[in-house]
Amino acid sequence: MKIAILGKPFSEELTPFMREMVEELTRRQAEVCVLESFHTYLSERVDLPEGITTFRRGDSLRGMQFVLSIGGDGTLLDTVTYVGALQIPILGINTGRLGFLATISPDKIGPALDSLFKGHFVLEDRSLIRVDTDPDTFGAINFGLNEFSILKRDTSSMIVVHTYIDGEYLNSYWADGLIVATPTGSTGYSLSCGGPVMLPQTNNFIIAPVCPHNLNVRPLIVSDRSVISFEIEGRSNNFLLSLDSRSETVEAGIQIAVRRENFNARLVKLNHVNFLSTLRSKLNWGLDRRNPAGIPI
């Protein structure tokens with residue numbers, strides 16, 4: 001089996017689990033390819049066997065059967081940009097905090113790899129959002145798993161985001177910014193702005209204003225078959241465009257359109273972990289003093 005590994009620095013107490021991962025992959029004679037920067041970090045803490053190759057941004061992962069993302073949800077978002085249209089299944093190992101997308105805890109790495117090699121898993125496709133701008137802003141990596149945001153920059157003044165759906169005028173949002181979130185991103189930035197939670201299979205986007213001036217303006221759900229376009233104005237001539245964890249400063253007059261990408265991110269789900277169980281465990285749904293075990297009443 002061919003497995004690629006991307007990761008971020010981890011705490012010292014997680015080193016034994018990383019050692020277990022490497023030993024398990026070696027025992028199973030997997031062909032392993034590690035992100036170059038992470039390979040340097042990992043080799044200083046774990047004895048890596050000979051034969052492990054490296055890759056860097058721009059190299060193709062074609063031929064890889066799985067990708068292990070070691071870090072938090074931000075690492076998994078970054079991993080999606082390395083995989084791109086290849087749609088290689090991604091298994092998220094959570095060495096971060098919340099772990100909404102990266103659901104495998106470090107102490108479960110051994111059983112997780114065992115399930116992976118035995119085929120005891122399901123694949124879950126997650127829709128991506130694509131951003132096209134003129135002039136070009138994000139280059140070849142113009143897609144994201146969570147959300148696209150337009151935000152004010154270097155000023156306390158609000159901005160105005162004129163918004164259109166399939167060419168028809170929707171609204172002019174007077175706000176600190178505007179978010180367009182995927183179903184996966186509905187539990188992220190959009191949720192903190194009052195947006196709804198959507199199931200991953202929902203074929204929609206959420207348009208959510210950030211701190212709107214008009215309090216009767218609320219998040220809106222639209223079909224992800226729509227093309228949503230924007231014009232921005234404000235006292236400042238510079239604004240911030242953010243696509244998941246990547247941000248760029250742009251000038252007024254830029255043309256922006258978002259739509260659903262024509263490929264998906266493919267996540268590996270193990271041990272009956274699904275979106276609903278993740279909601280309950282990560283958001284503590286159903287837990288209070290009267291019901292500490294989260295048992296339905």
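This is a guided tour of a predicted model, going from the whole chain to single residues.

**Stop 1: the whole protein**

Start with everything shown as a cartoon. You should find 6 helices and 19 strands in the protein. Turn the C-alpha trace along its principal axes, and its span comes to about 60 × 50 × 35 Å. The radius of gyration is 21 Å, which agrees with the value near 19 Å that a compact globule of 297 residues would have.

Now switch on the surface. The protein exposes about 14,600 Å², and 48% of that area is supplied by carbon and sulfur atoms. Of the 297 residues, 49% count as buried. If you colour by charge, there are 28 positive and 33 negative charges to pick out, and their mean positions lie 6 Å apart. Contacts tell you about the chain path too: among those between residues at least 6 apart in sequence, 67% join residues at least 24 apart.

**Stop 2: the six-stranded sheet**

Next, select the strands β8, β7, β18, β15, β10 and β11. In that order they form an open sheet with antiparallel pairing. Which strands sit at the edges? They are β8 (143–144) and β11 (168–175), each of which pairs on one side only. As a reminder, strands of a sheet pair through backbone hydrogen bonds, either parallel or antiparallel.

Zoom in on two strands of this sheet, β15 (residues 228–234) and β18 (residues 255–260). They run antiparallel and are joined by 3 bridges. Show S229 as sticks and look across to β18, where A257 stands opposite.

**Stop 3: a loop and a hairpin**

Follow the chain out of β15 into the loop that leads to β16, and select S236 there. Add S157 to the selection: these two residues are 79 apart along the chain, yet their C-alpha atoms are separated by 8.1 Å. Leaving aside neighbours within four places in sequence, S236 is in contact with R153 and T155.

Carry on to β16 (residues 238–243) and β17 (residues 246–251), an antiparallel pair joined by 6 bridges. Here F239 stands opposite V250 in β17. The two strands make a hairpin with 2 residues between them, and D244 in the turn has a positive phi of about 55 degrees.

**Stop 4: inside the helices**

Three helices are worth a visit for their buried residues.

- Helix α3 (73–83): select T75, which lies in this helix. T75 counts as buried because its relative accessibility is 7%, under the 20% cut-off. Leaving aside neighbours within four places in sequence, its contacts are G7, K8, S69 and I70.
- Helix α4 (residues 109–118): select S115. With 10% relative accessibility, S115 counts as buried. Not counting residues up to four places away in sequence, S115 touches H120, F121, L270 and N271.
- Helix α6 (residues 275–282): select F275, S277, T278 and L279, the buried residues of this helix. Show β6 (122–126) as well, since this strand is part of what covers them. Just after α6, stop at N284, which takes a positive phi of about 55 degrees.

**Stop 5: backbone oddities**

For the last stop, show the backbone atoms. Most residues other than glycine have a negative phi, and most peptide bonds are trans. Here are some places to compare with that rule.

Select D134 and P135 first. Is the peptide bond between them cis or trans? It is cis, with omega near 5 degrees. P135 is found in the loop between β7 (129–134) and β8.

Then go to Q87, in the loop between α3 and β5 (90–94). Phi of Q87 is positive, near 55 degrees, in a residue other than glycine.

Finish at C211, in the loop between β13 (204–210) and β14 (220–223). C211 is another residue other than glycine with a positive phi, here near 50 degrees. Is C211 buried or exposed? C211 counts as exposed because its relative accessibility is 52%, and the cut-off for exposed is over 50%.

Methods
Residues are numbered from 1 along each chain as its sequence is written. This is a predicted model: local features need pLDDT of at least 70, side-chain atom pairs count only at pLDDT 80 or more; totals for chains, interfaces and linings use all residues. Side-chain values use heavy atoms; hydrogens and water are left out. Helices (H or I, at least four residues) and strands (E, at least two) are DSSP runs, numbered from the N terminus. The radius of gyration is taken over C-alpha atoms; the globule rule is 2.2 Å times the number of residues to the power 0.38. Buried means under 20% relative accessible area, exposed over 50%, partly exposed in between (1.4 Å probe, protein chains only). Contact means heavy atoms within 4.5 Å. Accessible areas come from the Shrake-Rupley method with a 1.4 Å probe; for residues, only the protein chains shown count as cover. Lys and Arg count as positive and Asp and Glu as negative; His and the chain ends are not counted. The place of a charge is taken as NZ of Lys, CZ of Arg, CG of Asp or CD of Glu. Two strands pair if DSSP finds at least two bridges between them.
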